[in-house]
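Here is a short tour of one corner of a protein model, written for someone who likes distances and angles. Have the viewer open and follow along.

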Amino acid sequence: MAFEPPRRLVKALGEAAPGADDWLAKLPEAARRAVALRGSTVERVQVPGGRSSLVILVRLPDDTPAVLKLAPGRARPESERAALAHWGGLGAVRLLEPAGAEGVLLLERLHPDVSVRSLPEAKSMLEAAGTLRRLWVEPPADHVFETVAERTGRQAEAMRAGADAQSAPLVEAALAAREELLASAPPARLLHGVFRQSKVLAGERSPWLAVGPDPVVGECAFDLARLVRDRVEDLIASPSGAATTRRRVKRLAESLEVDQERLRGWTLFRAVESGVRARRVGRTQDGELLLEFAAWL
């Protein structure tokens, strides 16, 4: 079977990862090796799939349905492996191999085409928030996960470099919010890192389970911030989008016992960071939507 990377993956890596062509060129052979090593039978490549990995639906020799996930080093697959092992299937997809070739994960099969996003908005937010709560655990004592301070430090540098006259006031507000938040951070937890509704899939042993973490250690409000802007296109298109956003911040903060102002601050930082980054790689419309959203905060 040909393991051609989905177009979405090729485009995303081209935007975000100079030099990704070498990994993509080696990907078909790496996928064939990963499948053969486990004696798996391939059902299909998941399309459109993710923006940072190739996902192959397979069956193991005992007919167990599973997923093979191949990701480049810049996507930090070994960090994902460590986080999934620490969660042990509680709230997240189960890791089926504790160790394996670098960049290759063997995972429990969920329902890849059914995410919590398929539910009505109020229900989807409730289920997503409940899933996220289960992931917020003490990190391992000897962990090597990136911290929120480290990750946002790199992002802050890129934001400063990518700011223009239009985005500069929002960038400055976001950077100021980050400094204030880091100066008084509450106890750190292991966080999903890139949590949103599309990262929560239907499962058999649990109704909803998280997938695709880019784990980081820090305060819970940072993790919840990305969920605030889910379905941002609908929010922008709505005449009550700004009021809806502020209500969403309040409700999510209350439901997960997170400080509302800290959630607002991290939502601002993450929206501005994503908006500036989107404009930098040529996704101008996405960038404008995110910066408009950020201005409501």
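W266 has a relative accessibility of 0%, so it counts as buried, the cut-off being under 20%. This is a predicted model, so please read every value below as computed from predicted coordinates.

W266 belongs to helix 10, which covers residues 260–280. F269 also has 0% relative accessibility and therefore counts as buried. Because W266 and F269 are three residues apart in helix 10, about one helical turn separates them. As general background, an α-helix has 3.6 residues a turn, so residues three or four places apart point the same way.

Now for the rings. The model holds three aromatic pairs, and two of them are set out here:

| Aromatic pair | Centre to centre | Angle between planes | Geometry |
|---|---|---|---|
| F222 and W266 | 5.2 Å | 85° | edge-to-face |
| W266 and F269 | 5.8 Å | 85° | edge-to-face |

The pair of F222 and W266 connects distant parts of the chain: F222 lies in helix 7 (residues 220–228), W266 lies in helix 10, and 44 residues separate them. Both F222 and W266 are buried. Together, F222, W266 and F269 make up one aromatic cluster. F222 has a charged partner as well: the charged end of R270 sits over its ring, 4.2 Å from the ring centre.

Which residues does T152 touch, leaving aside those up to four places away in sequence? They are R178, L182, F222, W266 and F269, a list that takes in the three members of the aromatic cluster, F222, W266 and F269. T152 itself is part of helix 5 (residues 148–162). With a relative accessibility of 0%, T152 counts as buried. Its side chain also makes a polar contact of 2.8 Å with the side chain of R178.

Back to helix 10 as a whole. Its 21 residues span 30 Å from the first C-alpha to the last, close to the 30 Å expected at 1.5 Å a residue. Of those 21 residues, 15 are buried, so helix 10 is largely enclosed by the rest of the structure.

Both ends of the helix are worth a look in the viewer. At the start of helix 10, a side-chain oxygen of D259 comes to within 3.0 Å of the backbone nitrogen of E261. After helix 10 comes G282, with a positive phi near 95°.

Technical notes
Residues are numbered from 1 along each chain as its sequence is written. This is a predicted model: local features need pLDDT of at least 70, side-chain atom pairs count only at pLDDT 80 or more; totals for chains, interfaces and linings use all residues. Side-chain values use heavy atoms; hydrogens and water are left out. Helices (H or I, at least four residues) and strands (E, at least two) are DSSP runs, numbered from the N terminus. Buried means under 20% relative accessible area, exposed over 50%, partly exposed in between (1.4 Å probe, protein chains only). A polar contact is a pair of N or O atoms within 3.5 Å; within protein, one must be able to donate a hydrogen and the other to accept it, and residues adjacent in sequence count only if both atoms are side-chain atoms. Contact means heavy atoms within 4.5 Å. Rings of Phe, Tyr and Trp (its six-membered ring) pair if their centres lie within 6.5 Å; planes under 30 degrees apart count as stacked, over 60 as edge-to-face and the rest as tilted. A charge sits over a ring if NZ of Lys or CZ of Arg is within 6 Å of the ring centre and within 35 degrees of the ring normal. The expected span of a helix is 1.5 Å times one less than its number of residues.
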